[in-house]
Every structure is written in C-alpha cells, then in structure tokens.
Amino acid sequence: MNLSHRLPSRLKTMTKLTVSSHDGKRSSSVSSVSSVIMPPCSRPVRLAVIYIVAVSISVFVLYRSLDSLDVVPGSSSSIFSRIFPSYDSFRSLELEEPKLEDVLRRAATRENTVILTTLNEAWAAPGSVIDLFFESFRIGEGTSMLLNHLVIIALDAKAYSRCRELHKHCFSLETEGVDFSGKEAYFMTRSYLKMMWRRIDFLRSVLELGYNFVFTDADVMWFRNPFTRFYRYADFQIACDHYLGRSNDLENRPNGGFSFVRSNNRTILFYKYWYASRIRYSGYHDQDVLNFIKREPFVFRIGLRIRFLNTAYFGGLCEPSKDMNLVRTMHANCCFGMDSKLHDLRIMLQDWRDFMALPLHLKQESGFSWKVPQNCSLDSLRRYDESMYEEESEPPGESQE
C-alpha cells in the first residue's frame, strides 16, 4: 500500500465533510486552517515523512526490547548479544588470531614462496636484532619490496605483540609447556635446542601446505635479492659456515640459519626424517643432526637434491664474503652473546652503507672489505658461562625429547 498517495486523499475527504456539516462562516475558517496545515506534498517531502515514521517505529521497538531486558548498565556488548545472537560469534571471529594458511597465502609470491623468520622476546626488543634485520631490507639493493613476502613466526606473546607493531604478516607459534620469552636462549642450552627443533617441525608443516620458503634467521642481513643466486633444480639449498668450493660437496659445513626449500614430496619426507632423527642424536641441535644424516641411505633413496650456497654470495662472520659486489646476505654466525652480535651487526650495516656511497668505479675495484668480525668469532663460542651451560644444557644421549 502506498501511504504517500492515500494520506492526502483521506485528509481531503475529511475536510469536505467538515465543511458540509457547519454553517458558512465556520466552514470557511476550517477550510482555511486545513489549507494551511496540509498543503499539497511534493514527492521528496512525502518520502522524508515516511522515513521519519519508519525510524521512529524502529527506535520504539528497540526501546521496548531493551526495557524488557535485565542487563547491567553500561554492558552494551551484553545488550547486543541478547538482541542479536550472532554478535558474540562475529566479535570473537574478529579477535581470533589468523590461521597459518591465511597468513602464508597473503604473504606468498605468485610462485607460492614465502620468506620466514622466527622471533622471540629477546630478539624482538626495540633496538635489538629485529630492528637491524628490517634496516638491512630498507638499505639493501632491491630488497625492500621483499618485506611484502616476509612472515614473522613469533615464539612468545611479547614477540607477537612487537611483530604486530612492525609488520603486517605475523603468526603466533607458542608451544605448550615451553617458554621462549625472557632472556636470550644461549647456544646449546635446553631452551636453544627446543627452539631449534620446534623450528624444524614448523617448517615441515609449511611444506605440507604447499609453500616454498626461504628461511632466514633474523641476524641475517639482506643486502641484495638472493633469489637470482638460488639453484634452479635443487630441492634443498642451505648456506654454509664453511664452503669448500663445490655446491654438491657433502663435506660443506651447512648453517641452518639460511635456506631455500621447495615444497614437494622429497622435502616433506626429508623434514620428517630430520625431525625424527633428533631422538637418535639426542642432545645435538638441528645443524649437527643435518651433518649426520646428509649421507644416510634414506636421503639418497628419496632422491633429495641438495645444494650448498657459496659464501661469496651468502657469507657470514664464520667466513665473510670477499667481494661486496657479489654479496646477497651476511649472517652473524660464529657469535655468542647478544651484545657481541649487536655490536658486529651494526658495524656490518655501516660497512654496507659506506660501500654503497662509493662511486661506481671504486665499487668495481673490489678493494672494500668488511670490518667484521670484531666481538664475534669462533673463540667467542667457547667463552660462554660454563655454570649456566651445565645447569641448562643436556649432554648428548640424555635428552628425553
């Protein structure tokens, strides 16, 4: 029924009846009043009247509904929950942490590749490793855009909170019964070993979801895009503490802090085997176990194609790259202690800035070299606190994992 057409006609009929039932003087006055009160309505005015009436009715109904509810004053969420039962489920969905597959999908390249790093509270603090990590992407050559594909895996609540402040792709991977927050997880302590093996198991799950990944420790500085230096047909490529000259030489000493892995059946089986091998080699970290298993028949049987990355392109403090025109990444490996690591990382970043500020012809002369390591060295790994190590670490063969 169209009230906008019916209402004026009803009023007009009522006015005529009033005129016919009174004397001439009375009738003329009523007619004049009715003509003032009810002028002919234009279409926009009629629509406005209908809108106001509809809103008034809605407000009245809502008021009556609220009046009938026994709620605590100010508890608006409770009111909305009782009027609209789906409100709470919508609100919980909005606050729910994103699923891993959703985070990976948003960060992935067209080739289904993501860049992954893990982060705990110690490395997430302002001015700590994560800030230097981001700085390397910003000052690197063609690296800033790669941040769009970086996913930070936070190992504790504070690391996750800091990630949300810094970056758009974050995933919380808190492990029940294990606390990776607080002080630094020193090399080969119980916390360190659990963190390393949790990482291997997580990377396996990424491969099972169908994503290739570049895994990078946050103390790896990205100075150039590394993808152009990866081997095209390799399944598993990994950086080295020491590189012996050939990419397929199993005597190379790998470092788990930087790797590129393609998702396929071979790599999924390999990561499962690697993780399961922690039981046979209890008390060792993932990098040592990789060295033990890389020659085992299972690896050959599944046909895994392994390549080791040249330190000329993927260097570190164990073996710095010698030509800064070639370097892609530099890792603060062979270093013990947060203070030593931060000291040498800052020098490394400054070395890069100084190199990039040189004229082209001076860059090409290749006479510019790193001023690191300084505080970091292999010797620093032998100078950690023995009492702390004895208290927290587990000697080989005694781990219950």
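**A walk through the predicted model, starting at strand β1**

Five bridges join β1 to strand β2 (residues 150-154), and the two run parallel; strands are said to pair if DSSP finds at least two bridges between them. This is a predicted model, in which local features need pLDDT of at least 70 and side-chain atom pairs count only at pLDDT 80 or more, while totals for chains, interfaces and linings use all residues. Residues are numbered from 1 along each chain as its sequence is written, and side-chain values use heavy atoms, with hydrogens and water left out.

Within the pairing of β1 and β2, Ile-115 has Leu-150 in β2 as its bridge partner. β1 also pairs with strand β4 (residues 212-216), in the parallel sense and over four bridges, and here Thr-113 stands opposite Asn-212 of β4. Strand β1 itself spans residues 113-119 and is mostly covered, since seven of its seven residues are buried, where buried means under 20% relative accessible area, exposed over 50%, and partly exposed in between (1.4 Å probe, protein chains only). In a regular strand the side chains alternate between the two faces of the sheet. Both faces of β1 are covered, with Thr-113, Ile-115, Thr-117 and Leu-119 buried on one side and Val-114, Leu-116 and Thr-118 buried on the other.

Just before this strand, Asn-112 sits in the loop between α6 (100-107) and β1. Its phi is near 65 degrees, a positive value in a residue other than glycine, and Asn-112 counts as partly exposed because its relative accessibility is 33%. Helix α8 (residues 129-139) is another covered element: eight of its 11 residues are buried, so the helix is largely enclosed by the rest of the structure. Those buried residues are Val-129, Ile-130, Leu-132, Phe-133, Phe-134, Glu-135, Ser-136 and Phe-137.

Taken as a whole, the protein has 16 helices and 10 strands; helices (H or I, at least four residues) and strands (E, at least two) are DSSP runs, numbered from the N terminus. Of its 401 residues, 46% count as buried. The accessible surface comes to about 21,900 Å², of which 55% belongs to carbon and sulfur atoms, the areas being computed by the Shrake-Rupley method with a 1.4 Å probe and, for residues, with only the protein chains shown counting as cover. Among contacts between residues at least 6 apart in sequence, 70% join residues at least 24 apart, a contact being heavy atoms within 4.5 Å.

Ser-247 gives a local view of such contacts. Ser-247 is placed in the loop between β6 (236-242) and β7 (253-261), and it counts as buried because its relative accessibility is 14%. Leaving aside neighbours within four places in sequence, Ser-247 is in contact with Tyr-231, Asn-252, Ile-306, Arg-307 and Phe-308.

The strands on either side of that loop also help to line enclosed spaces. A search of the whole structure finds two cavities of 30 Å³ or more, a cavity being a set of points, on a 1 Å grid over the protein atoms alone, where a 1.4 Å probe fits but cannot get out, with lining residues having an atom within 4 Å of a point. The largest cavity holds about 60 Å³ of space, and β6, β7, β9 (314-316) and β10 (329-331) each supply at least two residues of its lining. The largest share, three residues, comes from β9. The lining includes Ala-239, Cys-240, Asn-255, Phe-258 and His-331, and its residues divide into five nonpolar, six polar and no charged.

The second largest cavity has a volume of about 50 Å³. The elements that give two or more residues to its lining are α10 (190-208), β6, β7 and α11 (265-280), and α10 gives the most, with three residues. Among the residues that line this second cavity are Arg-199, Phe-236, Gly-256, Trp-274 and Asp-286.

Two further loops hold backbone details. Cys-334 lies in the loop between β10 and α14 (338-356), where its phi is near 50 degrees, a positive value in a residue other than glycine, and Cys-334 counts as buried because its relative accessibility is 11%. Pro-373 is placed in the loop between α15 (360-364) and α16 (386-392), and the peptide bond leading to Pro-373 from Val-372 is cis, with omega near 5 degrees.

How values were computed: On a 1 Å grid over the protein atoms alone, a cavity is a set of points where a 1.4 Å probe fits but cannot get out, and a pocket is an open set with protein on both sides within 12 Å along at least five of seven lines; lining residues have an atom within 4 Å of a point. Grid points are joined across faces, edges and corners, and a volume is the space filled by probe spheres set on the points. Ala, Val, Leu, Ile, Met, Phe, Trp, Tyr, Cys and Pro count as nonpolar, Asp, Glu, Lys and Arg as charged, and the others, Gly among them, as polar.
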